Amino acid sequence: MASVSYHIANLLEKMTSTDKDYRFMATNDLMTELQKDSIKLDDDSERKVVKMLLRLLEDKNGEVQNLAVKCLGPLVNKVKEFHVYSIVESLCDHMVSEREQLRDMSSLALKTVINELPASSTALVANICKRVTDRLSEAIVRQEDVSVQLEALDILGDLLARFGSLLISFHPNILDALLPQLASPRLAVRKRTIIALSHLVVSCSPQIYARLMDFLIEELAKNSSMSTTRTYIQCIAAISRQAGHRFGEYLERVMPLIVQYVAVDDDELREYCISACEAFTLRCPKEITPHLSTIVEMCLKYITHDPNYNYDDYDDDEGQMDMDEDDDGEEDDEYSDDDDMSWKVRRSSAKCLEAVISTRHEMLIEFYKTVSPQLINRFKEREENVKVDIFHAYMALLRQTRPSLSLSLDPDAMEQEESTISMLKQQVPALVKSVHRQMKEKSIKTRQGCFALLTELVQVYPGALTHHIPALIPGIQFSLGDKNSSSNMKIDTLAFVHCLLVHHSGEVFHQHIGELLPPVVTCVADPFYKITAEALLVLQQIVKVIRPLDLASSFDFTPYTGDLYHCTLARLRAADLDQEVKERAIACMGQIISHLGDHLQGELGTCLPIFLDRLRNEITRLTTVKALTKVAASPLRIDLRSILGEALPVLASFLRKNQRALKLATLTLLDTVVTNYSTALSPQMLDKVLVELPPLINESDLHIAQLCLTLLTSTAKLHKSSLGNFLQLTMPDVMALVRSPLLQGGALKAMQDLFEAVASSIHKQAYHSMAKCVAALTLTHPSEAVGVVNRFLMDVTNPRSPTVQSFSLLAIGEIGKHIDLSGIPQLKDAVVASFSSPSEEVKSAASYALGHLSCGNLQEYLPFVLSEIEANPKRQYLLLHSLKEIISLQSKSAEGVKVLQGFVSDIWAQLFRHTECMEEGTRNVVADSPYQTSPQPSIAYCDTALATSSPPYKIPDLNVRRVALVAFNSAAHNKPSLVRDLLDTILPQLYNETKVRKELIREVEMGPFKHTVDDGLDIRKAAFECMYTLLETCLDRVDIYVFLEHVEGGLRDHYDIKMLTYLMLTRLAHLCPQAVLQRLERLVEPLRTTVTTKVKANSVKQEYEKQDELKRSAMRAVAALLTIPDADKNPQLSEFVAHIKSTPELQSLFESIQRDACPTHDAMMDLS
């Protein structure tokens, strides 16, 4: 402390020097000290530093004054509160000084202090805000000096933006001070007044807001002068942008006035009116709906408003595309009129149209009929900035046209998508014709807009430019030329060319390769690494185009082979390149060798050793492995023998590296090499690889295990001599994996393939997996299948143990799934008889076996299963499980669905007959069966059945109601089209089930304690799960405001339901941000309650853990709410977040959640 005080005292002494350089250096050193977190000043030092810095604000040297202002920022967090008050008071006094320089410095210093005030010190901030506000309001009202007034308005705007909620008591005075300034003769004063008012409305009371809006609307209606009318419209637009959710109720009063004034012959007024409509569209989506047609009509009218320019010559010259750059675009640059403001009207119209298009997907077809042709026609716009905004508006239309997975679940939405794509297809020729000329403009910004637009077009509608490639090639060549383009222009052009090649058939480019390839090759040699990287990516795609390996092609690619190879080789050899260029060069060369290698036989001796060298480099090894995989997989069978001997030990060493992506890529390459180059591999070469596999065959990473098993399978089939030595080494790990309960999917299939390949004995564990493996082995000799089944049948009819019996049933089922076993007469009876076994394991296996057997001969077994369900009530549960297995298995293939179609009506009749069965287990199976992967032809039948059946929600039995909700949830998740048209009827009943029912809450005595039991909890939980599913699949059919009301209720419910509603709230913040913003006040309070609740001191550990998890989930929801635009301006949410940040425990938790919420992107680009 003493050393700090001494150092500060020395600096203060130097600040009094007559030499300005001493004062400057001392002030700079002081700023450095103040920025250190560790510095602490004693009382005397604080007083002296404050006094000196305020004195330096009046220094004669401007640089010293600026440093003094910068020092005040960190200083307010280092000194006591009364010093902060004195700083603020002094600065406010200086602000009204007669000395202009002192006023400016004081205003700047006051802004700095306000921006640095700690938000956590609420009392300090509140007191300072109140002191400053009075002085600022007084300065604004005086109007003695405009510069003082402007600075005061600026500072007041900053205050309201940061601490508006702390100034609520001053809001009436502030409003009184600000409103008269809207009529100020100085436009700068009006502008800053508008900014201050827009910050005020975020946190003001409804009464203040109403008063402000009434004043603006009344003044707007008076139209006392055109200048103030413009100002009032600007102010209304700013208020809408800042607090759109509060503005909606005034929209009906404002819109007629806007429409009235837009017709006035004043371009500046029109611009403000149309900009206001844009703000209304974005911020009041619900209330603006009735006025959208008027707004669109207005924008389409004024987007062509250019009274001082004649576009007739544009159409005459459209076909005359001269590639002389000096003459091109001359006519567009001839006209210039500094007084012409019509371009602002056109720009605001384009932006407003973009806002309407971006927010109204449901009007897409209408947009294509009315808006799209007009926008295309306006691509000829003479003003560059306006033209770019028109491009953006059309790109918004294209983005809205992109096929959506969630919408494709709805047949109506699918029809709309097909219709919009069809309309877009019709308009493509006009669009290309209009863009054609723009692609040779001198303006780089215009050409970038053209390429961005065309890129969006081909992503939305692949193949859109198939018939227009000749028109695009000259523009591409023009933009890739050195004298016509900047680096960014070239990068954008190359990115478009890549997109064009990817989304179109290769044949359409064949006749243009001679024109397209030279500029791309030139770009590969460009000194700027980003251009080189993009050009190599394009080159990689050109290789696929000129010689596709999966299609027959007659195109003569040989003239281009040398250029492609040599320009890429130059980049592959260079060692001092950017990492991205290195990887792209490796990937591109891999593509060239895999597609053109048979015409580069003489060059392989040069190229392949470089690959081997890159394989040994830690930075490039992963990319090289992927490139070699392409080469090895090529049907051209490139001769790799020269590097295999050295490459295999290197690849084997990669299997020991702690890099998962490298292991996966290496195993894929090794399998490809074994498959395609088995004759070139010696046992000694493979031994080094196979010895590395056993440690990788385990359940910790099933994907790696799967690839290892695939490699072993390939080796067993093609190189058995190498595998023989390692069977004893690998089989213990393989059998350990067989026993794993995690074995499934691709890994299980790889295991079956391996057993099929090695035909080895199987250890009897993990019965389901083993049964699948037995079936795989049996299928290798179908003629012996009946004998194998008869052997298992003996173990079923004369069981040695329940374990043997259940395994035998599983094996029979797996074999019967692939082979028709109906010819074995006693089989059916033996399986059904096993339903009576005392062992539950055997019963389950019998049910599983019957379901799988039925798939082998559906015509024989399915009617039998259905008749048994009807005839044997005691076995219904197991038989229904068999039926569920049949439906699940048959629905996995189109052929299975086709066979199942003939039985759909009988299956549904049987299932609906058991929906009200007294046994809960049976009802559960029935609820789950039909929606697993129900055949598509049954939708109409199910739809009718759902509509005509008795409403399950009214059944008094709680379990039945819960199962009905589970069934509904399953239908909404798997087949949303079944329930979409029924939602109007079902949703009120569903919402009713989310309410807490007091009659279902009871007290249970447990010794001396009483415990509360809520029998309705499971039903409510099921109802909220249904709501969450509807959020994902049927959002467009749900009234989001009613939906939010019930989400609010769930936020105050039981722990399990709170967790669900937090997830829903997070999802809603992303899907419907504006609706959530309007309900934010009611959503924040229950979140605050959860976060601030403390567990009782004598609670058990589980209670603490449960509360911690609740807090985490609630804070995740808060973090999601903060992502909504302008949510941080909501007073309740801002106060809640401030409370979190002021509590150390909550702050650390919240920061960790925010870090987790930010996705981290891998900087390395995957070139596979």
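The paragraphs below go through a predicted model of one protein chain, from its overall make-up to single residues.

The chain has 1168 residues, and 53% of them are buried. Its secondary structure comes to 60 helices and two strands. Contacts can link residues that are neighbours in sequence or residues that are far apart along the chain. Among the contacts with a separation of 6 or more, 74% join residues 24 or more positions apart.

The interior can be described through its nonpolar cores. The largest nonpolar core holds 301 residues, and those that touch the most other members are Leu-75, Phe-247, Phe-280, Tyr-394, Leu-465 and Leu-827. Helix 27, which covers residues 529-546, gives the most to this core, with 10 residues. Another core lies apart from it and has 64 residues, including Val-979, Val-1038, Ile-1040 and Leu-1065.

Phe-247 can serve as an example from the largest core. What does Phe-247 touch, once its neighbours within four places in sequence are left aside? The list is Tyr-209, Met-213, Ile-236, Ile-239, Ser-240, Val-254, Phe-280 and Cys-284. Phe-280 in that list is itself among the residues that touch the most other members of the core.

Aromatic rings are the next topic. The count of aromatic pairs in the model is seven. One of them is formed by Phe-528 and Tyr-529, whose ring centres are 5.5 Å apart and whose planes stand at 70° to each other, an edge-to-face arrangement. Phe-528 has a relative accessibility of 29%, so this residue counts as partly exposed. Tyr-529 is also partly exposed, because its relative accessibility is 34%. Elsewhere, Phe-379, Phe-391 and Tyr-394 form one aromatic cluster. Tyr-394 was named above as one of the residues with the most contacts to other members of the largest core.

The surface also has pockets. The second largest pocket has a volume of about 860 Å³. Its lining is made of 30 residues, and the closest to its centre are Arg-162, Ser-165, Ser-1134, Glu-1135 and Ala-1138. Which helices supply at least two residues each to this lining? They are helix 7 (122-142), helix 8 (146-163), helix 10 (187-203), helix 59 (1131-1142) and helix 60 (1144-1157). Helix 59 gives the most, with 10 residues. By residue type, the lining divides into 14 nonpolar, 11 polar and five charged residues.

Several single residues show how parts of the chain meet. Ala-846 lies in helix 43, residues 840-856. Its relative accessibility is 0%, so Ala-846 counts as buried. Beyond its neighbours within four places in sequence, Ala-846 is in contact with Leu-809, Val-831, Ser-834 and Phe-835. Ala-846 and Phe-807 are 39 residues apart in sequence, and their C-alpha atoms are 9.7 Å apart in space.

Asn-857 is placed in the loop between helix 43 and helix 44 (858-871). Is this loop residue buried or exposed? Asn-857 is buried, because its relative accessible area of 17% falls under the 20% limit. Not counting residues up to four places away in sequence, Asn-857 touches Asp-820 and Ser-822. The C-alpha atoms of Asn-857 and Gly-816 are separated by 8.5 Å, although the two residues are 41 residues apart along the chain.

Thr-672 is in helix 33, residues 660-676. With a relative accessible area of 12%, Thr-672 is buried. Its contacts, leaving aside neighbours within four places in sequence, are Thr-629, Ala-632, Ala-633 and Tyr-677.

Charged residues can be buried as well, and Glu-1048 is a case, with a relative accessible area of 7%. Glu-1048 lies in helix 54, residues 1040-1050. Apart from neighbours within four places in sequence, Glu-1048 is in contact with Arg-1079, Arg-1082 and Leu-1083.

The last residue concerns the backbone. Most residues other than glycine have a negative phi. Arg-637 has a positive phi, near 50°. Arg-637 is found in the loop between helix 31 (621-633) and helix 32 (641-654). Its relative accessibility is 42%, so Arg-637 counts as partly exposed.

Conventions
Residues are numbered from 1 along each chain as its sequence is written. This is a predicted model: local features need pLDDT of at least 70, side-chain atom pairs count only at pLDDT 80 or more; totals for chains, interfaces and linings use all residues. Side-chain values use heavy atoms; hydrogens and water are left out. Helices (H or I, at least four residues) and strands (E, at least two) are DSSP runs, numbered from the N terminus. Buried means under 20% relative accessible area, exposed over 50%, partly exposed in between (1.4 Å probe, protein chains only). Contact means heavy atoms within 4.5 Å. On a 1 Å grid over the protein atoms alone, a cavity is a set of points where a 1.4 Å probe fits but cannot get out, and a pocket is an open set with protein on both sides within 12 Å along at least five of seven lines; lining residues have an atom within 4 Å of a point. Grid points are joined across faces, edges and corners, and a volume is the space filled by probe spheres set on the points. Ala, Val, Leu, Ile, Met, Phe, Trp, Tyr, Cys and Pro count as nonpolar, Asp, Glu, Lys and Arg as charged, and the others, Gly among them, as polar. A nonpolar core is a set of buried Ala, Val, Leu, Ile, Met, Phe, Trp, Tyr and Cys residues joined through side-chain atoms within 4.5 Å. Rings of Phe, Tyr and Trp (its six-membered ring) pair if their centres lie within 6.5 Å; planes under 30 degrees apart count as stacked, over 60 as edge-to-face and the rest as tilted.
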